[in-house]
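Open the model in your viewer and switch to a cartoon representation. The stops below go from one selection to the next.

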Amino acid sequence: MRLIHPVTADDVDLTRAYAYPEGPCVRLNMVASTDGGTWLKGLSGGLSGAGDKRVFGVLRGLADVIVAGASTVRDEGYGPARPRASWPPLREGRPDAPPVAVVTRRLELDLTSALFAEAGPDSRTIVVTCGAAPADRRAEAARHADVIVAGDDQVDLAAALEELRDRGLRRVLCEGGARINGQLAEAGLVDEVCLTVSPMLIGGAASRILNGADVLTRLRLAHVLEEEGFLFTRYVREPG
């Protein structure tokens with residue numbers, strides 16, 4: 001993997017390239033085809049490659065918490081984040097792996113799945129829901145995960161992020177999907193976007209990385225890495 005912007009370098013330290021800034025930060029991580037689609041045959045993995053998997057691992061290792069929408073968790077078959085051999089230097093003073101926080105209004109989750117059954121005690125899965133969620137499902141979820149209730153009829157993502165920060169989870173890595181990304185952007189909560197551009201044209205009806213209301217968030221290109229035709233970009237929000 002080589003750096004091609006802002007300078008050229010053949011030796012890239014991914015940990016430094018993707019280091020979080022000081023203070024709380026919400027970072028989106030997505031992969032898309034050259035024509036903007038975010039899944040192939042229903043899954044994002046078909047767009048990925050070896051370099052993307054390395055970046056994915058570094059981003060997870062640096063994060064305090066991984067956020068994903070319930071549909072993404074179901075479609076991608078999420079389990080808990082598994083500790084990697086390269087993570088100890090990245091996670092000094094923190095649990096071996098970050099917890100996964102699932103955003104869901106209706107709590108349509110398989111609470112017996114690996115995401116809940118196999119999460120370690122220091123990285124217990126978190127369920128983020130709202131007051132409109134069925135009370136019986138909230139009670140059941142509380143037996144398998146930590147539950148955050150944020151908002152009344154809809155999940156209030158700003159309030160949810162504040163609750164995560166109160167728990168010391170300040171470095172947020174959101175892995176989608178497009179609806180959650182759109183809601184975060186609409187609320188002005190996105191600080192960074194890490195986007196892998198896959199050298200594929202796929203057509204079809206695959207969604208963009210962000211769906212929802214019209215938003216305008218101005219970004220600055222922080223870096224571009226390249227490997228085997230894949231581009232690994234990092235954008236940061238412009239101040240103001």
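## Stop 1: a parallel pair

This is a predicted model. Select strand E5, residues 126-129, together with E6: the two pair in the parallel sense over 4 bridges. Show Thr129 as sticks, then its bridge partner in E6, Val149.

## Stop 2: the whole sheet

Extend the selection to the sheet, an open one of 10 strands with mixed pairing. Stepping across, the order is E1-E9-E10-E8-E2-E7-E3-E4-E5-E6. The edges are strand E1 (2-5) and strand E6 (146-149), each of which pairs on one side only. Looking along the sheet, neighbouring strands are turned by 25° against each other on average, with direction ignored.

Next select helix H2, residues 50-62, which packs on this sheet. H2 touches strands E2 (25-33), E3 (65-69), E7 (171-174), E8 (192-198), E9 (219-227) and E10 (230-237). The direction of H2 makes about 165° with that of E2.

## Stop 3: the largest pocket

Now turn on a surface and find the largest pocket, with a volume of about 1,300 Å³. Which residues lie nearest its centre? Select Gly69, Ser71, Thr72, Glu175 and Gly177; the full lining has 41 residues.

Colour the lining by element. E2, H2, helix H3 (70-76) and helix H7 (178-186) are the elements that give two or more residues to it. H3 gives the most, with 6 residues.

Finally, recolour the lining by class: 13 residues are nonpolar, 17 polar and 11 charged.

How values were computed
Residues are numbered from 1 along each chain as its sequence is written. This is a predicted model: local features need pLDDT of at least 70, side-chain atom pairs count only at pLDDT 80 or more; totals for chains, interfaces and linings use all residues. Side-chain values use heavy atoms; hydrogens and water are left out. Two strands pair if DSSP finds at least two bridges between them. Axes are lines fitted to C-alpha atoms, for helices over the stretch in contact, and angles run from 0 to 180 degrees between N-to-C directions. Contact means heavy atoms within 4.5 Å. On a 1 Å grid over the protein atoms alone, a cavity is a set of points where a 1.4 Å probe fits but cannot get out, and a pocket is an open set with protein on both sides within 12 Å along at least five of seven lines; lining residues have an atom within 4 Å of a point. Grid points are joined across faces, edges and corners, and a volume is the space filled by probe spheres set on the points. Ala, Val, Leu, Ile, Met, Phe, Trp, Tyr, Cys and Pro count as nonpolar, Asp, Glu, Lys and Arg as charged, and the others, Gly among them, as polar.
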